[in-house]
Amino acid sequence: MAVRRVLTNIFGKREVLAYVTSPEKESGSKCLFFSTVFPQQLQIFFA
C-alpha cells in the first residue's frame with residue numbers, strides 16, 4: 001500500500017490522502033481510496 005497527500009476538486013479543493021493498494025500478484029487490480037481524515041486527527045474520534 002502507498003499513500004500520498006493530494007489536492008482534489010472532488011471535495012472542494014481540499015487536501016486529502018490517496019491510498020493505493022497493490023495485490024501480491026502482478027496480474028491483480030489496484031484499488032484507490034480517498035481519506036479526508038488525516039492520521040493525526042484520529043485521536044479526536046477515539047478520545
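Colleague: Which residues make the nonpolar surface patch of about 370 Å²?

Modeller: In this predicted model, one member of the patch, Val20, can be placed in strand 2, which covers residues 14-21. Val20 has a relative accessible area of 33%, and because patch residues need over 30%, that value satisfies the cut-off. The nonpolar patch of about 370 Å² is made by Ile10, Val20, Leu32 and Phe34.

Colleague: Is Val20 buried, partly exposed or exposed?

Modeller: Buried would require under 20% relative accessible area and exposed over 50%. The relative accessible area of Val20 is 33%, so this residue counts as partly exposed.

Colleague: In what order do the elements of the chain run from the N terminus on?

Modeller: The chain contains one helix and three strands. Starting at the N terminus, these elements follow one another as β-β-β-α.

Colleague: Which strands are the edge strands of the sheet?

Modeller: The three strands form an open sheet with antiparallel pairing, and their order in that sheet is 1-2-3. An edge strand pairs on one side only, and this applies to strand 1 (2-8) and strand 3 (31-35).

Colleague: By how many degrees are neighbouring strands of this sheet turned against each other on average?

Modeller: The sheet in question is the open one of three strands, in the order 1-2-3. With direction ignored, the average turn between its neighbouring strands is 30 degrees.

Colleague: Which residue in strand 3 stands opposite Leu17?

Modeller: Strand 2 and strand 3 are paired in the antiparallel sense, over five bridges. Strand 2 spans residues 14-21, and the residue of strand 3 that stands opposite Leu17 is Ser35.

Colleague: How many residues apart in sequence are the parts that the pair of Arg5 and Glu15 ties together?

Modeller: The structure holds one salt bridge, and it is formed by Arg5 with Glu15, whose closest N and O atoms are 3.7 Å apart. Since Arg5 belongs to strand 1 and Glu15 to strand 2, the pair ties together parts whose separation in sequence is 10 residues.

Colleague: What is the relative accessible area of Glu15?

Modeller: Its salt-bridge partner Arg5 is partly exposed, with a relative accessible area of 46%. Glu15 is likewise partly exposed, and its relative accessible area is 34%.

Colleague: What percentage of the residues in the chain is buried?

Modeller: The accessible surface of the chain comes to about 4,300 Å², and carbon and sulfur atoms account for 57% of that surface. Of the 47 residues in the chain, the buried ones make up 13%.

Definitions and conventions:
Residues are numbered from 1 along each chain as its sequence is written. This is a predicted model: local features need pLDDT of at least 70, side-chain atom pairs count only at pLDDT 80 or more; totals for chains, interfaces and linings use all residues. Side-chain values use heavy atoms; hydrogens and water are left out. Helices (H or I, at least four residues) and strands (E, at least two) are DSSP runs, numbered from the N terminus. Buried means under 20% relative accessible area, exposed over 50%, partly exposed in between (1.4 Å probe, protein chains only). Accessible areas come from the Shrake-Rupley method with a 1.4 Å probe; for residues, only the protein chains shown count as cover. Patches are made of residues with over 30% relative accessible area and no salt bridge: like charges are joined within 9 Å, nonpolar side chains (Val, Leu, Ile, Met, Phe, Trp, Tyr) within 5 Å. A salt bridge is a side-chain nitrogen of Lys or Arg within 4 Å of a carboxyl oxygen of Asp or Glu. Two strands pair if DSSP finds at least two bridges between them. Axes are lines fitted to C-alpha atoms, for helices over the stretch in contact, and angles run from 0 to 180 degrees between N-to-C directions.
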